[in-house]
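Colleague: I should like to learn how to read a structure that is new to me. May we go through it together?

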Amino acid sequence: MKILFVCTGNICRSPMAEGLLRHKLKHAGVKAIVDSCGFEPFHVGDHPDSRAVAVSRKNGINISGHIARLFTEKDFDRFDHIYVMDASHYYHVKALARNNSDMLRVDYLMNLLIPGKNIAVDDPWYHDITAFERAFSKIDAACEEIIKTLLMKH
Ligand code: 4NP
């Protein structure tokens, strides 16, 4: 299974999701490919935001080595599932999709928990550490669903 998380800057939400899922996969003894990326070129090449690093570290996960990159059309070929954090990412991804089968791979991350509601993991970047903790906890719950599904297939 190959899973890609997408957000805006690839410095807060999607690197936390990548780190969380990698961590859970390791614990579950399940192999999968996990990556993350974004749409905002401003942060390309940057390491994650220090608040995302701190909240992850508090939960035993080191995401400090991640390097931000942009989503590209090739990601449709490289990943089985592409999870976005909010509507803006969904429409950005949709704009790059070449056909319907590309879009079949794409969903809102929170739809794993509450199907069909397209609930966002809100952008914590302009807020304080509690917004990062809230985002981390939502992402954590959704990643648990990914693990459950993967374990059922194992
Ligand atoms: P992220 O947070 O999408 O969770 O990585 C953001 C980071 C940077 C910006 C927006 C959101 N920005 O506008 O630069």
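Modeller: We shall discuss the surroundings of the ligand and then the packing of helices, bearing in mind that this is a predicted model.

Colleague: Which residues surround the ligand?

Modeller: The ligand is surrounded by a run of residues comprising Cys7, Thr8, Gly9, Asn10, Ile11, Cys12 and Arg13, together with Glu40, His43, Asp123, Trp125 and Tyr126. Sorted by class, this shell has five nonpolar, four polar and three charged residues.

Colleague: Which atoms of Thr8 and Arg13 should I look at beside the ligand?

Modeller: For Thr8, please look at the backbone, where an N or O atom lies 2.8 Å from an oxygen atom of the ligand. For Arg13, please look at the side chain, where a polar atom lies 2.8 Å from an oxygen atom of the ligand. Asp123 also belongs here: an N or O atom in its side chain is 3.4 Å from an oxygen atom of the ligand.

Colleague: How much of the ligand's accessible area does the protein cover?

Modeller: On its own, the ligand has 350 Å² of accessible area, and the protein covers 94% of that.

Colleague: Let us turn to the helices. How are two packed helices described?

Modeller: One states the angle between their axes and the distance between the axes. Here, helix H2, residues 50-58, packs with helix H6, residues 129-153, at an angle of about 55 degrees, and their axes are 9 Å apart. H2 is therefore oblique to H6. Their crossing is right-handed.

Colleague: At what angle do the axes of helix H1 and H6 cross?

Modeller: The axes of H1, which spans residues 13-28, and H6 cross at roughly 40 degrees and come within 9 Å. H1 and H6 are therefore oblique to each other.

Colleague: Is the crossing of H1 and H6 left-handed or right-handed?

Modeller: The crossing of H1 and H6 is right-handed.

How values were computed:
Residues are numbered from 1 along each chain as its sequence is written. This is a predicted model: local features need pLDDT of at least 70, side-chain atom pairs count only at pLDDT 80 or more; totals for chains, interfaces and linings use all residues. Side-chain values use heavy atoms; hydrogens and water are left out. A residue is near a molecule or strand if one of its heavy atoms lies within 4 Å of it. A polar contact is a pair of N or O atoms within 3.5 Å; within protein, one must be able to donate a hydrogen and the other to accept it, and residues adjacent in sequence count only if both atoms are side-chain atoms. Accessible areas come from the Shrake-Rupley method with a 1.4 Å probe; for residues, only the protein chains shown count as cover. Ala, Val, Leu, Ile, Met, Phe, Trp, Tyr, Cys and Pro count as nonpolar, Asp, Glu, Lys and Arg as charged, and the others, Gly among them, as polar. Axes are lines fitted to C-alpha atoms, for helices over the stretch in contact, and angles run from 0 to 180 degrees between N-to-C directions. Helices (H or I, at least four residues) and strands (E, at least two) are DSSP runs, numbered from the N terminus. Angles under 35 degrees count as roughly parallel, over 145 as roughly antiparallel, 65 to 115 as roughly perpendicular and the rest as oblique. A crossing is left-handed if the near helix is turned anticlockwise from the far one by less than a right angle, and right-handed if clockwise.
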